Amino acid sequence: MQLEKVYEPQRFEPRWAQWWVDSGIFHVDAQAPGPVFCLAIPPPNVTGSLHTGHMLEHTEIDATIRWHRMRGDNTLWLPGTDHAGIATQLLVERQLAGEGLTRRGIGREAFLERVWAWKEQYGDTIKRQMIRIGASCDWSRERFTLSPELSRAVREAFVRLYEKGLIYRGEYMVNWCPRCHTALSDLEVVHEEVPSNLWHIRYPVNGKDRCLVVATTRPETMLGDTAVAVNPRDTRYRGLAGATVQLPLMNRAIPVIFDEVADPEFGTGVVKVTPAHDLNDFEAGKRHNLPKVQVIDDAARMTAAAGAYAGLDRLEARQRVVADLDQLGLIEKIEPYPLSLGKCQRCRTAVEPLVSIQWFVKTRPLAEPAIRAIEDGSIRFIPENWSKTYFEWMRNIRDWCISRQLWWGHRIPAWHCLDCRGMTVAREDPAACAQCGSPRLEQDPDVLDTWFSSGLWPFSTLGWPDRTQDLKTFYPNSLLITGFDILFFWVARMIMMGLECMDDVPFREVYIHGLVRDAEGQKMSKTRGNVIDPLQITEQYGTDAVRMSMLLGAAPGTDIILTEERMLSARAFANKIWNAARFIFLNMERSGVAAWMPPPEAARRPEGPEPPLEDRWIFSRLNECAAQAGGAIARYRYHEAAQLLWRFFWHEFCDWHLEIKKLRLRENTGLNADWRNLLTVFEAALRLLHPVMPFITEELWQRLTEGCAGRPASIALARYPEADPGASDPAAERDMELLQELVVSARNLRADLKLDPKQRSEAALYARGAVAALFLREREAVEKLAMVNIQVSGEPAPAQVEGVLRSTTEFDLLLRVPAAQLEAQRLRIQKENERLEKLIENSRRQLADETFLARAPEQVVSSIQTKLADYQAQLAKARETLARLCRSK
């Protein structure tokens with residue numbers, strides 16, 4: 001059972017990661033008895049690899065899943081990946097470009113063959129990475145959004161919605177990406193504020209000696225204007241009813257219309273109306289039956305309708321248009337204007353609003369029940385404040401454009417008849433037109449938005465539209481853990497689709513986690529150069545340490561600051577666990593204790609007729625930790641669970657119980673009460689830690705229990721420790737707190753005087769009653785832990801003492817120190833105080849210098865402030881020590 005001297009997680013983590021998969025211990029039986037807990041993974045893109053956001057999300061999910069499994073719940077974490085339409089297609093197109101090929105050049109079928117080949121070769125990267133970090137999924141249920149089973153579900157959902165009139169095809173203004181050559185939903189457009197201009201252009205009024213001045217941020221689109229608008233309530237323009245203006249550069253008359261699209265408070269109150277290139281103008285154009293003149297094409301170049309500017313890039317056309325207007329004297333003024341520019345989320349190209357024939361989902365009828373599901377508590381957001389954000393978006397929702405001009409994805413199940421121009425929407429590929437019977441059919445070339453198939457994920461992955469046992473058992477899912485950035489992309493759509501297709505919510509709770517930020521609190525991005533590779537840090541610090549460091553900061557509603565110091569600290573914690581196990585295993589051999597596991601019926605209370613104080617205390621603390629840690633995980637307060645486990649294992653079990661046990665254990669004793677109590681607590685502590693730190697706990701638990709009859713195959717299948725109301729021992733906790741105070745007081749006095757840590761000191765304890773009795777019972781432990789020999793007196797401490805005195809409400813502890821040594825200590829501390837006072841004075845002078853503060857980098861100022869606080873704390877402590885010395889003779 002000997003344990004290697006050095007904690008090297010890289011030696012055993014990969015082995016357990018693969019064993020968990022190969023052994024099938026996470027496979028779930030849908031017909032197993034007991035409470036059910038199910039969570040479907042937010043499917044990462046098949047093109048992706050793990051980033052820190054995944055690492056945080058998967059750590060929180062895995063901790064929750066392992067905890068529920070250990071409680072005996074029938075627990076499923078369902079894994080899978082998303083086909084990621086645009087991302088995957090662009091990746092393979094770049095691969096083709098490297099070969100001098102294009103997708104249009106090789107054709108649709110050949111291109112799709114290339115994408116599937118790429119997926120087979122590279123698509124398992126993120127799965128392998130998830131397995132390596134210990135994701136306890138049921139890999140036998142792995143799903144892919146473009147698999148035949150899920151494709152069937154997508155078709156079924158599309159046809160059902162179409163048959164109910166909730167999907168339609170029509171002409172509408174869409175966000176068009178000229179680089180990706182596809183329509184984008186509003187959520188796929190990111191807005192960036194960029195410096196721009198507001199051009200004020202004169203439009204001559206026909207038949208009148210006046211001009212209307214129009215302000216625009218896009219002068220190139222004026223070539224497609226089909227009206228100018230004024231507000232009907234704007235009294236300045238009442239005389240223009242029926243008037244027309246001459247469209248500059250294009251030499252055509254366009255009408256003046258009265259419409260609410262014009263804001264009297266903006267500019268002159270007159271706006272240009274370009275129905276083919278602006279959503280508001282498109283709607284105004286429908287109200288006034290205006291023509292749509294498209295002057296920018298899907299490659300962001302000017303069309304033939306742009307006249308002399310045809311063929312120019314849109315930005316080149318802007319420069320030419322402005323120059324020509326200026327030459328004609330039609331520029332009233334140009335002023336700087338910050339512009340919120342919409343860009344493609346994927347490639348960051350400026351999107352172009354274009355009128356296009358697309359497929360849409362009518363979202364209003366779907367949104368209303370989805371709103372009620374949150375209002376009536378059918379679904380609960382954690383933190384709750386995300387409900388407000390959800391309501392704001394859902395109550396202002398627009399129809400969802402679901403068609404994409406891509407080849408990789410779920411092709412829309414609609415066929416156009418080449419003879420009668422009719423359309424057939426069907427679950428299976430039709431042989432003939434449903435309207436005229438012609439066999440000459442052509443399937444719609446577009447594919448569905450990736451988020452359409454993802455919206456079905458909670459039930460399509462369980463076998464829907466078939467009524468499978470999995471669907472019956474695991475739908476609705478119990479929980480969804482995800483980031484706020486896909487609250488509307490995915491979460492809202494899953495709720496709408498689940499209610500529509502399953503007549504029930506897709507999950508009961510949604511936990512929204514924060515971002516992982518760097519040490520300065522900055523969001524991680526490639527442009528900042530602060531991206532952390534989770535696989536690199538797990539290799540460097542160990543997966544358990546990275547998990548613990550993330551969970552320590554994972555308070556609901558906050559972002560996680562991931563620093564090297566935190567990961568080093570978490571690795572030190574893992575090393576502490578390892579060293580504790582090494583001590584226990586080594587002494588088990590010396591004492592003749594074999595591999596051991598507490599029997600199932602063992603109570604969580606110490607054995608023996610009169611268990612020692614440290615055993616009564618640690619069992620009481622174990623019970624409290626089990627109650628609080630389990631409760632924290634249940635409430636998704638992962639930071640509290642991590643802190644509780646850290647404190648129990650390091651600061652209670654290792655620092656106190658194990659240190660006292662070192663004084664009690666003897667060789668060749670066999671499995672006596674001391675050993676049974678120690679091993680019961682250690683084994684339970686490993687189970688407590690397992691959801692948070694699965695690798696080290698599996699390694700140590702397997703070694704501890706090897707060969708024991710009736711043990712589960714893995715600690716992951718062992719029972720999570722539960723609170724036992726009868727195991728609480730307040731008296732032992734009070735006594736142990738007093739013992740700790742005695743030991744710490746003596747240690748602090750010795751440390752303040754910088755005494756030789758290997759040399760015992762003489763001390764006197766002035767106490768009576770229960771305190772004196774406790775010390776006499778635990779004298780050996782106190783004296784050996786504190787490195788002091790103590791005499792006990794029931795009298796009060798004398799006013800003048802030779803040594804250093806520490807007083808508390810319960811006792812006075814005198815550390816006897818010869819006078820000459822005390823004087824030397826006084827001089828040393830006085831000299832140290834003088835040094836600290838000078839450092840504090842210098843720091844304060846720097847921080848009071850306005851010139852220095854204005855020029856110094858922020859991190860330099862922050863460093864001085866931190867050092868000043870540290871100097872002040874050191875000085876306060878040194879003065880306190882000096883005051884105690886001055887009370888002595």
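## Loop residues with positive phi

N251 sits in the loop that runs between β10 (244-247) and β11 (252-258). The model is a predicted one, and in it N251 takes a positive phi of about 55° although this residue is not a glycine. With a relative accessible area of 63%, N251 is exposed, because the cut-off for that class is over 50%.

A300 does something similar with its backbone: phi is positive, about 65°, and again the residue is not a glycine. A300 belongs to the loop between α8 and α9. How much of A300 is accessible, and does that make it buried or exposed? The relative accessibility is 3%, so A300 counts as buried.

## Next door at A299

A299 is in the loop between α8 (279-288) and α9 (314-327). At 36% relative accessibility, A299 is partly exposed. Once its neighbours within four places in sequence are set aside, A299 is in contact with P178 and H181. For H181, the C-alpha atom lies 7.4 Å from that of A299, although 118 residues separate the pair along the chain.

## Two cis prolines

If you're checking omegas, here are two to look at. The peptide bond from I382 to P383 is cis, with omega near -5°. P383 is found in the loop between β15 (380-382) and α11 (386-394).

The other cis bond joins Y475 and P476, and its omega is about 0°. Here the proline, P476, falls in the loop between α14 (469-474) and β22 (477-483).

## Strands: a sheet and a hairpin

Four strands make up an open sheet, ordered β6-β5-β14-β16, with antiparallel pairing. The edges are taken by β6 (182-184) and β16 (400-401), each of which has a single partner strand, so one side of each is left without a neighbour in the sheet. At the β16 end, β14 (residues 352-361) and β16 pair in the antiparallel sense over two bridges. One residue to pick out is F360, whose bridge partner in β16 is C401.

Elsewhere, β28 and β29 form a hairpin, with four residues between the strands. Strand β28 (residues 803-807) pairs with strand β29 (residues 812-816) in the antiparallel sense, and five bridges link them. Within the hairpin, L805 stands opposite L814 in β29.

## Nonpolar cores

The largest nonpolar core holds 198 residues, and those with the most contacts inside it are F452, I584, F649 and F653. Helix α20 gives the most to this core, with 14 residues. Which residues does F653 touch, leaving aside its neighbours within four places in sequence? Among them are I584, I618, L658 and L678, along with V681 and F682.

There is also a second, separate core of 32 residues. Its members include W199, Y203, V230 and A243.

## One cavity

Rolling a probe the size of a water molecule over the atoms shows where empty space is left. Searching the whole structure turns up one cavity of 30 Å³ or more. The largest cavity has a volume of about 50 Å³.

What lines the largest cavity? The lining consists of R621, E624, C625, L644, R647, F648 and E652. The elements giving two or more residues to this lining are α19 (613-634) and α20 (638-664). The largest share, four residues, comes from α20. Sorted by class, the lining has three nonpolar, no polar and four charged residues.

Conventions: Residues are numbered from 1 along each chain as its sequence is written. This is a predicted model: local features need pLDDT of at least 70, side-chain atom pairs count only at pLDDT 80 or more; totals for chains, interfaces and linings use all residues. Side-chain values use heavy atoms; hydrogens and water are left out. Two strands pair if DSSP finds at least two bridges between them. On a 1 Å grid over the protein atoms alone, a cavity is a set of points where a 1.4 Å probe fits but cannot get out, and a pocket is an open set with protein on both sides within 12 Å along at least five of seven lines; lining residues have an atom within 4 Å of a point. Grid points are joined across faces, edges and corners, and a volume is the space filled by probe spheres set on the points. Ala, Val, Leu, Ile, Met, Phe, Trp, Tyr, Cys and Pro count as nonpolar, Asp, Glu, Lys and Arg as charged, and the others, Gly among them, as polar. Buried means under 20% relative accessible area, exposed over 50%, partly exposed in between (1.4 Å probe, protein chains only). Contact means heavy atoms within 4.5 Å. A nonpolar core is a set of buried Ala, Val, Leu, Ile, Met, Phe, Trp, Tyr and Cys residues joined through side-chain atoms within 4.5 Å.
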